[in-house]
Amino acid sequence: GPGVIDLSQNQIALEAGLFEGLLATQAKRLEAALRAGYAAAGQLEHRAAGAAWLARAGLDVGPDEVVVTTGGQEALAVALVANVKAGDTVLVEELTYGGLKTLAALLRLKLVPVAMDERGLVPEALEQACLRTNPALLYCMPNLHNPTGCVLPPERRARVAELARRFDFLVLEDDAAGFLLEDPPAPIAALAPERTLFVTSLSKSLAPSLRVGYLAARGARLEAVQGAHAALTWMT
């Protein structure tokens, strides 16, 4: 209605003719991809491309630690299905991504907001929320938070990693817009790799309708998300 500003979506403006040259060179690679058959976590070439993209965010992962998903939204769904269950408490920044709220309602998760200031998530508020709620997972956007655009400082990222270990919860780190930062701080996933699931996509950087996302995880977490992805989508 009048006076309402819709912050639920953002997308890049695509110039006319931007993809014509690119598409003309991709026919042979597309044919090879179509002939490759089933690959539940994604074809190796695509997983390697995902690992290279994640390296731009400061995350050092191998292709075998990346699952190619059908966009960032499915990556979030896979991460949640694999790691939390109905009734679990999920902490979120007090302003958070609408798509995460939709998933939480679908999966019957209890969302608990954590206070923010102009620098992002407040570690002291996160600690208090942990003491009150015994959370299973924290969902956050440290780089160019949606919708405020703030970037969580390195010292706060370190504190989040410390609290995740202390209170035994997972961190679901969403880096959808982080590619816009020339020199981003180290991700939480680099500070606590055993406790973090890292998600990004190509929707904000290339095109919303290019449904390609990347979900990075390690060890048992990787096995769990691979299984959930296979159950939901099988392959991208």
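1. Cys150 is buried in this predicted model, its relative accessible area being 12%. Its sulfur lies 11 Å from the closest cysteine sulfur, which belongs to Cys140, and that distance is too far for a bond. Cys140 also counts as buried, at 2% relative accessibility. A disulfide is a covalent bond between the sulfur atoms of two cysteines. A search of the whole structure returns zero disulfides, and Cys140 accordingly takes part in none, with the sulfur of Cys150, 11 Å away, as its nearest cysteine sulfur.

2. The loop between E6 and H7 deserves a careful look at its backbone. Pro147 lies in this loop, and the peptide bond that joins Asn146 to Pro147 is cis, with omega at about 15 degrees. Leu144 is found in the loop between E6 and H7 as well, and its phi is near 50 degrees, a positive value in a residue other than glycine. With a relative accessibility of 21%, Leu144 counts as partly exposed, and since buried means under 20%, this value falls on the other side of that cut-off. As background to both features, most residues other than glycine have a negative phi, and most peptide bonds are trans.

3. A positive phi also occurs in the loop that precedes E6. Asn134 is placed between helix H6 (123-133) and E6, and its phi, in a residue other than glycine, is near 50 degrees. Asn134 counts as exposed, with 62% relative accessibility.

4. Which elements make up the β-α-β unit that includes E7? Strand E6, helix H7 (residues 154-167) and strand E7 form it, and the unit is right-handed. E6 (residues 137-140) and E7 run parallel and are joined by four bridges, with Tyr139 having Leu172 as its bridge partner in E7. On its pairing with strand E8 (residues 196-201), E7 is again in the parallel sense, over four bridges, and here Leu172 stands opposite Leu197. Leu172 thus has a counterpart in E6, namely Tyr139, and another in E8, namely Leu197.

5. Are the residues of strand E7 buried or exposed? Five of the five residues of E7 (residues 170-174) are buried, so the strand is largely enclosed by the rest of the structure. The side on which each residue sits does not alter this: Leu170, Leu172 and Asp174 point one way from the strand, whereas Val171 and Glu173 point the other way, and all are buried. The buried set therefore includes Asp174 and Glu173 along with Leu170, Val171 and Leu172, under the criterion of less than 20% relative accessible area.

6. Val199 offers a view of the surroundings of strand E8, in which it lies. At 1% relative accessibility, Val199 counts as buried. When residues up to four places away in sequence are not counted, Val199 touches Leu172, Glu173 and Asp174, among others, and also Asp175 and Ala176. Its contacts further include Gly72, Ala75 and Leu76, together with Tyr214 and Leu215. The C-alpha atoms of Val199 and Leu76 are separated by 7.1 Å, although the two residues are 123 residues apart along the chain.

7. Ala49, in helix H3 (residues 44-55), can be set beside this example. Ala49 is partly exposed, with a relative accessible area of 40%. Its C-alpha atom and that of Val68, 19 residues apart along the chain, are separated by 9.6 Å.

8. For the chain as a whole, the secondary structure comes to nine helices and nine strands. The radius of gyration is 18 Å, close to the 18 Å given by the globule rule for 236 residues, so the chain is as compact as a globular protein of that length. Taken along the principal axes, the box filled by the C-alpha atoms is roughly 55 × 45 × 35 Å.

9. Burial and contacts complete the note. Of the 236 residues in the protein chain, 46% count as buried, while the chain exposes about 12000 Å², of which carbon and sulfur atoms supply 57%. Among contacts with a separation of 6 or more, 70% are accounted for by residues 24 or more positions apart.

Technical notes: Residues numbered from 1 in each chain as written. Predicted model: local features only at pLDDT ≥ 70, side-chain atom pairs only at ≥ 80, totals over all residues. Heavy atoms only, no water. Buried < 20%, exposed > 50% of the residue type's maximum accessible area, 1.4 Å probe, protein only. Helix = DSSP H or I, 4+ residues; strand = E, 2+ residues; numbered from the N terminus. Pairing = 2+ DSSP bridges. Right-handed = clockwise from strand over helix to strand, strands pointing away. Rg over C-alpha atoms; globule rule 2.2 N^0.38 Å. Contact = heavy atoms within 4.5 Å. Areas by Shrake-Rupley, 256 points an atom, 1.4 Å probe, with all protein chains shown as cover. Disulfide = S-S within 2.5 Å.
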